[in-house]
Amino acid sequence: MKFQPRASHFIDGEYVEDTNGAAIEVIYPATGEVIARLHSATPAIVEQALNSAKNAQAAWAALSGTERGRILRRASDIMRERNYDLSVLETHDTGKPIQETTVADATSGADALEYFGGLAASLTGEHIPLGGGDFVYTIREALGVCVGIGAWNYPTQIACWKGAPALACGNTMVFKPSETTPLSALKVAEILVEAGAPKGVYNVIQGYGDVGASLVSDPRVAKVSLTGSVPTGRKVYAAAADGMKHVTMELGGKSPMIVFDDADIENAVSGAILGNFYSSGQVCSNGTRVFVQKGIKEAFLKRLSERLAHAKIGDPMDEDVSFGPMVSENQMNIALGYIEKGKAEGARLVYGGERIERDGYFVQPTVFADVTDNMTIAREEIFGPVMSVLDFETEEEVMARANDTEFGLAAGVFTNDLTRAHRIVAGFEAGTCYINTYNLAPVEAPFGGSKMSGVGRENSKLAINHFSEMKTVFVSMNDVEAPY
Ligand code: NAD
C-alpha cells in the first residue's frame with residue numbers, strides 16, 4: 001500500500017509498532033479503498049510516548065529560544081519543499097481536493113512552524129520595579145509535557161498549530177491525531193526530527209477516544225489542547241480539570257453570516273461559498289446560518305445557485321476539481337440525515353440535496369432557503385456541505401437571532417455601511433469575526449471560540465500564553481522588616 005507508514009506510532013525519534021493495538025483502517029474517501037492499516041496505541045505505547053516526552057523536556061527547555069526556533073524554522077522549510085507530496089498524502093487521508101491541500105494544509109503547518117520558530121527567541125519575562133530599589137522579575141517557563149488531540153478535517157495543520165507553539169516555549173508533545181486521518185501527523189514528527197529536534201520532543205501515537213482519554217488523565221501531562229466536537233470537549237475539559245491541567249479547547253460551531261441589503265452581492269456569495277463548501281463543508285468556523293436581508297434574498301439565492309453550478313466535483317487528485325468527498329461514510333450519512341431533516345421540517349431546498357452516485361462519499365453542495373431559527377439544520381452543527389439561508393428585516397432582530405446559539409466560534413457580516421459593520425461585530429458573541437470576508441485563519445491572528453465553542457486561543461502571540469506560565473521572583477535590595 002502506497003501510503004502505508006513504516007509503523008503506526010512515532011516515539012522517541014523512531015517509528016514504533018505494537019500490533020496488539022486495535023486495528024485502524026485508513027480509507028481514501030474518494031473511492032472507499034483502504035490505503036493503510038495501523039494500530040491504536042496499547043497502554044505500553046502510551047507509556048513509552050509519555051516517558052519519552054517527559055525525559056526529553058528539561059533538555060529541550062534548556063536550549064536557548066534561538067536554537068529551538070532554528071529547528072522549527074528548518075522544519076517549516078522542509079515542509080514547504082515537500083508541499084506537493086504532503087498534499088497528496090493529505091488528500092488521500094481526508095479526501096480534500098489537491099487544489100485545496102496544496103495551499104491550505106502543509107503550507108499552513110509550515111506557517112505555524114515559521115511563525116513560532118521566529119517568536120521562540122523573544123519569549124521572555126519582565127522586570128517590575130517596586131520602589132526603594134526592590135523589584136520583581138518574571139520568568140516565562142514551559143508547562144512540561146503537552147498533549148495535542150486532533151480532529152480529522154485539517155490533520156497536518158492541527159498537528160502543527162499545536163506542536164509549533166508548544167515546542168517554541170520549551171514543552172514537549174505527545175500528539176494523537178484523529179483515528180480517521182492518522183497519516184500526516186507522522187510526517188510532521190519525521191520532519192521535526194530531520195530538522196534537528198531531539199528525540200522525544202514531538203511524539204505521535206494513534207488511537208481512538210480511549211487513547212486520548214488515557215493521555216489526558218496521566219499525571220505527567222501538564223496541558224491538553226483539543227480540536228474536536230463540543231461533547232468531546234466537555235469530557236476532556238472535565239478530565240483535565242481533575243488534574244488541574246491547562247487546556248485549550250477548539251470546538252464546534254454553528255456560526256452566523258449576516259448579509260445586508262447594501263452588501264456587494266458577489267462578495268457575499270463568495271464568502272458564503274467559502275464559509276460553507278470549502279473542504280466539503282467540514283470546517284469548524286463555517287458560517288452555516290446565512291441571514292440574508294429580505295430585499296436581496298432572491299438575488300442572493302439566484303447568484304449562489306449560478307456560482308455553485310460551476311463547482312467541479314470529482315476526483316480530488318484532479319487539479320481542476322474544487323469539491324471533493326466527505327471524509328468518511330459515517331460523516332456522509334450524518335450530513336444526508338440532516339438534509340432529510342431539513343426537507344421534513346419544511347425548509348425549501350434550492351440547490352443539491354442528494355448523495356452523488358459514484359464511488360466514495362460525495363454529497364452535493366446543498367442550500368436550503370426559508371430556514372427558521374428552530375429548525376434542526378439551523379441549530380445543530382452538521383459539519384458537511386449544507387447551508388441554511390434565513391430571512392431577516394432589521395439589524396436589531398438579526399443581531400439577537402445570530403447570537404441565539406450555544407456556540408460562539410465565528411461570525412461574519414457583509415455590508416458596505418462601515419459603522420454598522422463595526423457595531424455588528426461588537427455585538428457578536430463569537431471569538432473570530434469577519435467583515436466583508438470569511439474563514440481566514442492566518443497564523444498571525446488569534447483563532448478560537450467563545451461560549452461552548454472553546455477556551456483559549458490558537459495562533460498569534462496569544463498562543464504563547466497558553467503554552468507557558470510565569471514564575472514571579474521578588475527581590476529585596478533592603479533589610480527585611482518584621483513586626484517582632
Ligand atoms: P471528535 O470530538 O469526535 O474527536 C476529536 C478527537 O478527540 C479525536 O482525535 C478523538 O479520537 C478524540 N477523542 C474522542 N473522545 C475522547 C475522549 N474522551 N478523550 C480524549 N480524546 C477523545 O471530533 P471530530 O469528529 O474528529 O471532528 C469534528 C469536530 O471538530 C467538529 O465539531 C468541529 O467543529 C471540530 N473542529 C473544531 C476546530 C476549531 O478550531 N475550533 C477545528 C476543526 C474541527
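In the predicted model, helix H3 (residues 83-94) packs against helix H7 (residues 183-194), the two axes lying 9 Å apart and forming an angle of about 155°. Angles over 145 degrees count as roughly antiparallel. H3 and H7 are therefore roughly antiparallel to each other. On the H3 side, the contact is made by Leu86, Leu89, Glu90 and Asp93. These residues meet Leu183, Ser184, Lys187 and Ile191 of H7. Sorted by class, the contact between H3 and H7 consists of 4 nonpolar, 3 charged and 1 polar residues.

The ligand is surrounded by 28 residues, of which Gly150, Glu179, Ser229, Thr232 and Glu381 are the closest. The shell around the ligand comprises 13 nonpolar residues, together with 10 polar and 5 charged ones. Among the secondary-structure elements, helix H8 (209-216), strand E10 (221-227) and helix H9 (230-242) each contribute at least two residues to this shell.

Polar contacts to the ligand involve both backbone and side-chain atoms of the protein. At glycine 150, a backbone N or O atom is placed 2.7 Å from an oxygen atom of the ligand. Glycine 150 is also listed among the closest residues of the shell. A backbone N or O atom is likewise involved at leucine 251, where the distance to a nitrogen atom of the ligand is 2.8 Å. For glutamate 250, an N or O atom of the side chain lies 3.3 Å from a nitrogen atom of the ligand. On its own, the ligand has 850 Å² of accessible area, and the protein covers 87% of this area.

Terms used:
Residues numbered from 1 in each chain as written. Predicted model: local features only at pLDDT ≥ 70, side-chain atom pairs only at ≥ 80, totals over all residues. Heavy atoms only, no water. Near = heavy atom within 4 Å. Polar contact = N/O pair within 3.5 Å; in protein donor to acceptor, adjacent residues only side chain to side chain. Areas by Shrake-Rupley, 256 points an atom, 1.4 Å probe, with all protein chains shown as cover. Helix = DSSP H or I, 4+ residues; strand = E, 2+ residues; numbered from the N terminus. Nonpolar A, V, L, I, M, F, W, Y, C, P; charged D, E, K, R; others polar. Axes fitted to C-alpha atoms, helices over the stretch in contact; angles between N-to-C directions. Parallel < 35°, antiparallel > 145°, perpendicular 65-115°, else oblique. Contact = heavy atoms within 4.5 Å.
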